[in-house]
Amino acid sequence: MSMFHEEHYIRSLFRVFDPFIRLLRKHPPTNRAITVACLALFSTGLAVFQRQLQRSALAEAEVITLQTYDGHILPIVHLGTASTHDAIFTADSTRLTLTAKQSSGRAEWNTLTVPRGYTYSAALTDGSLVRLNAGSSLRFPSIFGPDKREVYMEGEAYFEAQDNANRSFTIHSGQADIIVLGTAFNVNTYDQHIRVSLVSGEVMVNVKGKMTRLKPGLAATIDKQSGQVSVTPFEENIVLAWLDGLQIYVAAPLRDICNALERMYNIRIHIDDPKLLGMHYSVIVNRQRPIQNFLEDLKATRKVHSVFDSMGELHLNFQ
């Protein structure tokens, strides 16, 4: 919200309440409740205004950005086409596309940051496609080197790596390195685990020098603290549902669901009642629908009451 709009709103607010204030000065009411009610109404107006300012500031801050190797931070919404000495960046509403120019002989690293509330894709110079979920980032070179391709990521991303037997594709993600030749897989690092779910092809997961080979339909789960790796089957339609704007949970802890909703809707959720921490819930959440749909279902099936406070943060309690 610009300073002009702030001043306009404040002036309008005072114009509305000025007659009441003048009247109270000339004729102080004998009924104390009337005074309290007027002041409360005025305070409510100010609270609404402050909340609008907070939401406006959040909207301005939470945008998809590209930070180029030379330190420039460019909002994707205003990018269109930008150029560095070794690549051309072209952005639309869903994807950032890189086109190689000529290499400087050294890796020039860029970072694509997708905040909570958004998803976005990047088409790299080798043709590989990376789809980033909310609250994720991808660090990548403008042009890959002659003998290897490597990127760094945080959050969650789905990779479609181009096949190239002479240049392996490596994703560095916390304690794990995922090494592929050409394949499709999902990487999730949101919580205390790193999960690599292989859809097609073959990957090697390297954790502290220990290699784990994955085949399609299997997922490697790496504990971030201990580094232990376990391999289990996974349900593709559940793990990859986020690519279609969905989150699917089957008997999942309510806290895990709320963590995902915070990223999906860019809000803060507080579980105020400790008894809710032990609740498990099955639900399908659609990003295109308001969070109220989820809250209504939660209320109807589990008797969980929800309320937004003056800061726009959500609180959950048993009814």
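What share of the 319 residues of the chain count as buried? In this predicted model, the figure is 40%. The chain has five helices and 24 strands. Among contacts in the chain with a separation of 6 or more, 47% are accounted for by residues 24 or more positions apart.

Two open sheets are described in turn. One of them has 10 strands. Their order is E3-E4-E5-E7-E8-E11-E14-E15-E18-E19. The pairing in this sheet is mixed. Strand E3 (81-83) and strand E19 (229-233) stand at the edges. Each has a single partner strand, so one side of each is left without a neighbour in the sheet. Neighbouring strands of the 10-strand sheet are turned by 15 degrees against each other on average, with direction ignored.

One pairing inside this sheet joins E14 and E15. Strand E14 covers residues 184-188, and strand E15 covers residues 193-200. The two pair in the antiparallel sense over five bridges. Val187 has Val196 of E15 as its bridge partner.

The other open sheet has nine strands. It runs in the order E2-E1-E6-E9-E10-E12-E13-E16-E17, again with mixed pairing. Its edge strands are strand E2 (73-75) and strand E17 (210-214). Each of these edge strands pairs on one side only. Neighbouring strands here are turned by 20 degrees against each other on average, direction ignored.

At the E2 edge, three bridges join E2 to strand E1 (residues 65-67). E1 and E2 run antiparallel. Leu66 finds its bridge partner in Leu74 of E2.

Strand E9 lies further along the order, between E6 and E10. This strand spans residues 136-141 and is mostly covered. Five of its six residues are buried. On one side, six bridges join E9 to strand E6 (residues 109-114). E6 and E9 run antiparallel. Asn110 stands opposite Phe140 of E9 in this pairing. E9 also pairs with strand E10 (residues 149-154), in the antiparallel sense and over three bridges. In that pairing, Leu138 has Met153 of E10 as its bridge partner. In a regular strand the side chains alternate between the two faces of the sheet.

Next comes the helix pair H4 and H5. Helix H4 covers residues 254-265, and helix H5 covers residues 291-302. Two packed helices are described by the angle between their axes and the distance between the axes. For H4 and H5 the angle is about 160 degrees, and the axes are 12 Å apart. The cut-off for roughly antiparallel is an angle over 145 degrees. H4 and H5 are therefore roughly antiparallel to each other. Their crossing is left-handed. H4 contributes Leu254, Ile257, Leu261 and Tyr265 to the contact, and H5 contributes Ile291, Phe294 and Leu298. By class, the residues of this contact are seven nonpolar, no polar and no charged.

A hairpin completes the description. It is formed by E23 and E24, with five residues between them. Strand E23 covers residues 304-308, and strand E24 covers residues 314-318. Five bridges join the two strands, which run antiparallel. Phe308 stands opposite Leu314 of E24. In the turn, Gly312 has a positive phi of about 85 degrees.

Note on methods: Residues numbered from 1 in each chain as written. Predicted model: local features only at pLDDT ≥ 70, side-chain atom pairs only at ≥ 80, totals over all residues. Heavy atoms only, no water. Axes fitted to C-alpha atoms, helices over the stretch in contact; angles between N-to-C directions. Helix = DSSP H or I, 4+ residues; strand = E, 2+ residues; numbered from the N terminus. Parallel < 35°, antiparallel > 145°, perpendicular 65-115°, else oblique. Left-handed = near helix turned anticlockwise from the far one by under 90°. Contact = heavy atoms within 4.5 Å. Nonpolar A, V, L, I, M, F, W, Y, C, P; charged D, E, K, R; others polar. Pairing = 2+ DSSP bridges. Buried < 20%, exposed > 50% of the residue type's maximum accessible area, 1.4 Å probe, protein only.
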